[in-house]
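This report takes up a helix, the pockets and an unusual backbone angle in turn. Please keep the sequence and the structure at hand while reading.

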Amino acid sequence: MDATAAATPFSTLIRTASHEQHTEAETSTFMSDLLGGRLGVDAYTRYTEQLWFVYRALEEGAQALRNDPVAGPFIQPQLMRTTELERDLAHLRGTGWREGLAPLPATAAYAARVAECARTWPAGYIAHHYTRYLGDLSGGQIIRDKAEKTWGFTRKGDGVRFYVFEEISNPASFKRSYRELLDAVNADDLEKQRIVAECKQAFALNTAVFRELGEVFPLSA
């Protein structure tokens, strides 16, 4: 890490270093079609299913990391999404939503990587925590708004509860506090470089899920 990078807050470094991958994920064909209202609620449901697999890995892994000196400060109950995802899926698919549910290959790979980091590399887990939760608090709100308008979900109700952080009254303030945690992360410069690389990988894994969803729901449908 050069002198300029060393003087740059880590939260800024990780955001700017992953900007290209972040943009690629946001502008994927599937997400563009979903946000453009060109796909049906079945596509939104399938996307929500994939999120459940990823967040289950993310949050099952969190339990063992609560007291970890590196990842522990990031484990905050108000962020947890699995319960909300399950409530959304019950609304979208009915009470038997788990029956026959299977991840896409890209989703399985994504969830496996999250679980591996949680198990063996707490600093790497932070990369996945950052890309998911800060994305939910930011761009996720665009998805919620579009879903409510396109498919008639009750505002912040069943079907979009995943995007509603009821215990975070001031998202902007929370995100500032989160960035302060990143800036104070208990890692040396080499480890920070590895976290940045894992952050890029997290976006790539997410983009692969979008790519496979796009194959399931091509625009021509």
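Which residues of α7 are buried? In this predicted model, the buried residues of α7 are A106, T107, Y110, A111, V114, C117 and A118. Because they cover an arc of only 135° around the axis, these residues are placed on the same side of α7. The face turned away from that buried side carries P105, R119 and T120, which are exposed. As for its dimensions, α7 runs over residues 105-120, and its 16 residues reach 22 Å from the first C-alpha to the last, close to the 22 Å expected at 1.5 Å a residue. The elements that cover the buried residues of α7 include α5 (41-62), α8 (122-137) and α11 (189-216).

Two of the elements in that cover, α8 and α11, are also among the helices that each supply at least two residues to the lining of the largest pocket. The others in this group are α2 (10-17), α3 (19-26), α4 (29-35), α9 (140-151) and α10 (171-183). With 6 residues, α8 gives the most to this lining. Nearest the centre of the largest pocket, among the 30 residues that line it, lie H22, E26, T131, G135 and G139.

The second largest pocket is lined by 13 residues, and the closest to its centre are M80, R81, E84, V164 and E166. The table sets out the volume of each pocket together with the make-up of its lining.

| Pocket | Volume | Nonpolar | Polar | Charged |
|---|---|---|---|---|
| Largest pocket | about 630 Å³ | 15 residues | 9 residues | 6 residues |
| Second largest pocket | about 220 Å³ | 4 residues | 3 residues | 6 residues |

In the lining of the largest pocket, then, 15 residues are nonpolar, 9 polar and 6 charged, whereas the lining of the second largest pocket divides into 4 nonpolar, 3 polar and 6 charged residues.

A last point concerns the backbone. Where does K156 lie? K156 is found in the loop between α9 and α10, and although it is not a glycine, K156 has a positive phi of about 60°. Is the side of this residue open to solvent space or closed off, in terms of buried, exposed or partly exposed? With a relative accessible area of 36%, K156 counts as partly exposed, because that class covers values between the cut-offs of 20% for buried and 50% for exposed.

Notes
Residues are numbered from 1 along each chain as its sequence is written. This is a predicted model: local features need pLDDT of at least 70, side-chain atom pairs count only at pLDDT 80 or more; totals for chains, interfaces and linings use all residues. Side-chain values use heavy atoms; hydrogens and water are left out. Helices (H or I, at least four residues) and strands (E, at least two) are DSSP runs, numbered from the N terminus. The expected span of a helix is 1.5 Å times one less than its number of residues. Buried means under 20% relative accessible area, exposed over 50%, partly exposed in between (1.4 Å probe, protein chains only). The arc is that of the directions from the helix axis to the C-beta atoms. Contact means heavy atoms within 4.5 Å. On a 1 Å grid over the protein atoms alone, a cavity is a set of points where a 1.4 Å probe fits but cannot get out, and a pocket is an open set with protein on both sides within 12 Å along at least five of seven lines; lining residues have an atom within 4 Å of a point. Grid points are joined across faces, edges and corners, and a volume is the space filled by probe spheres set on the points. Ala, Val, Leu, Ile, Met, Phe, Trp, Tyr, Cys and Pro count as nonpolar, Asp, Glu, Lys and Arg as charged, and the others, Gly among them, as polar.
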